[in-house]
Each structure stands twice: as structure tokens, then as C-alpha cells.
Amino acid sequence: MIGTDLHNAKDENGIFYVRELYQRALDKGGFVTFHFTKPQPNGENTIAEKTAYSYLIPNADELWISTGVYKDTLEPYIDRSLEELLSMENDLSGKYILMDN
């Protein structure tokens, strides 16, 4: 994709993800969720939900940077983190009493 103009690139739902990411960068950074090609270990490609963040690089004539992650890649980590948080909450419940004076 090097050298390819992606201004008109859109996902299967019609989201112009590069335009959206650029706009978020201009708006002091932000997230865009869209569907994108995801390479698989077997060499095939699938379409997966991806969330990307973009940010305008200060003092660089509207130069911006973006990075993203596929939702299905994060799900195991989110589930594990949620379980750890719930476990911590259960361990702490009843041990501390907060008083408002």
C-alpha cells in the first residue's frame, strides 16, 4: 500500500476510515472503529473489526500518526483483566469502610 492514496478508502460499512482518522487527529486525537483486512497465520485474510487512534504531530504541518488494534486480538486480554479486577474487588469488599465526615 506504499504510495497508495487512501483518502477514498472505506470499509464494508461505508466508513471512510482514513478521512475519519485524519479528522480525529485534527480534533486533538481520537478513536475510529472500522472493519479492515486482517492477515491470518495460515496466509489467508479475513475482515475484522479494528479500532485505531490518530493524533496530530505538533509543529509538523498537519502530519499525523495512527495506530490500531483488532478487537478479536484484544478480547482475551480484556476478559483476563476484567476477571482480575473483579477478583480484586471481591478480595477488598468488606475490608475497608469509607466514612464521609
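The exercises below work through the predicted model shown above, each with a stepwise solution.

Residues are numbered from 1 along each chain as its sequence is written, and side-chain values use heavy atoms, with hydrogens and water left out. Since the model is predicted, local features need pLDDT of at least 70 and side-chain atom pairs count only at pLDDT 80 or more, while totals for chains, interfaces and linings use all residues.

**Exercise 1. The overall chain**

Task: Determine in which order the helices and strands of the protein chain follow one another, and what share of its residues is buried.

Solution. Step 1: take helices (H or I, at least four residues) and strands (E, at least two) as DSSP runs numbered from the N terminus; the protein chain then has two helices and three strands, in the order α-β-β-β-α from the N terminus on. Step 2: call a residue buried under 20% relative accessible area, exposed over 50% and partly exposed in between, using a 1.4 Å probe and protein chains only; of the 101 residues in the protein chain, 15% are buried. Step 3: with areas from the Shrake-Rupley method and a 1.4 Å probe, where for residues only the protein chains shown count as cover, the protein chain exposes about 8300 Å², of which carbon and sulfur atoms supply 55%.

**Exercise 2. Salt bridges**

Task: Find how many salt bridges the structure holds, and which side chains meet in the one formed by Lys38.

Solution. Step 1: apply the criterion of a side-chain nitrogen of Lys or Arg within 4 Å of a carboxyl oxygen of Asp or Glu, which gives three salt bridges in the structure. Step 2: the side chain of Lys38 meets that of Asp72, with an N to O distance of 2.8 Å; this pair links distant parts of the chain, with Lys38 in strand 1 and Asp72 in helix 2 (residues 71-92), 34 residues apart. Lys38 is buried at a relative accessible area of 14%, whereas Asp72 is partly exposed at 40%. Step 3: Lys71 and Glu49 also pair through their side chains, at 3.6 Å from N to O, and this pair too links distant parts of the chain, Lys71 being in helix 2 and Glu49 in strand 2, 22 residues apart. Step 4: the side chains of Glu20 and Arg24 form a salt bridge at 2.8 Å, N to O; because these two residues are four apart in helix 1, about one helical turn separates them.

**Exercise 3. Charged residues without a partner**

Task: For buried Asp11 and buried Lys50, establish which side chain of opposite charge is nearest, and what surrounds each residue.

Solution. Step 1: count Lys and Arg as positive and Asp and Glu as negative, leaving out His and the chain ends. Asp11, in the segment before helix 1 (17-26), has no salt bridge, and the nearest side chain of opposite charge is that of Lys10, 8.4 Å away. Step 2: look for polar contacts, that is, pairs of N or O atoms within 3.5 Å, where within protein one atom must be able to donate a hydrogen and the other to accept it, and where residues adjacent in sequence count only if both atoms are side-chain atoms. The side chain of Asp11 reaches the backbone nitrogen of Ile15 at 2.9 Å, and a polar atom of that side chain also lies 2.9 Å from the backbone nitrogen of His35. Step 3: with contact taken as heavy atoms within 4.5 Å, Asp11 touches Tyr17, Phe34 and His35 when neighbours within four places in sequence are left aside. Step 4: Lys50, in strand 2, likewise has no salt bridge, the nearest side chain of opposite charge being Asp72 at 10 Å. Leaving out residues up to four places away in sequence, the residues that Lys50 touches include Val32, Phe34, Phe36 and Tyr70.

**Exercise 4. Positive phi values**

Task: State what the phi angles of Lys28 and Asn59 are near, and whether these residues are buried or exposed.

Solution. Step 1: most residues other than glycine have a negative phi. Step 2: phi of Lys28 is near 75 degrees; Lys28 sits in the loop between helix 1 and strand 1 (30-39) and is exposed at 73% relative accessibility. Step 3: phi of Asn59 is near 60 degrees; Asn59 belongs to the loop between strand 2 and strand 3 and is exposed at 86% relative accessibility.
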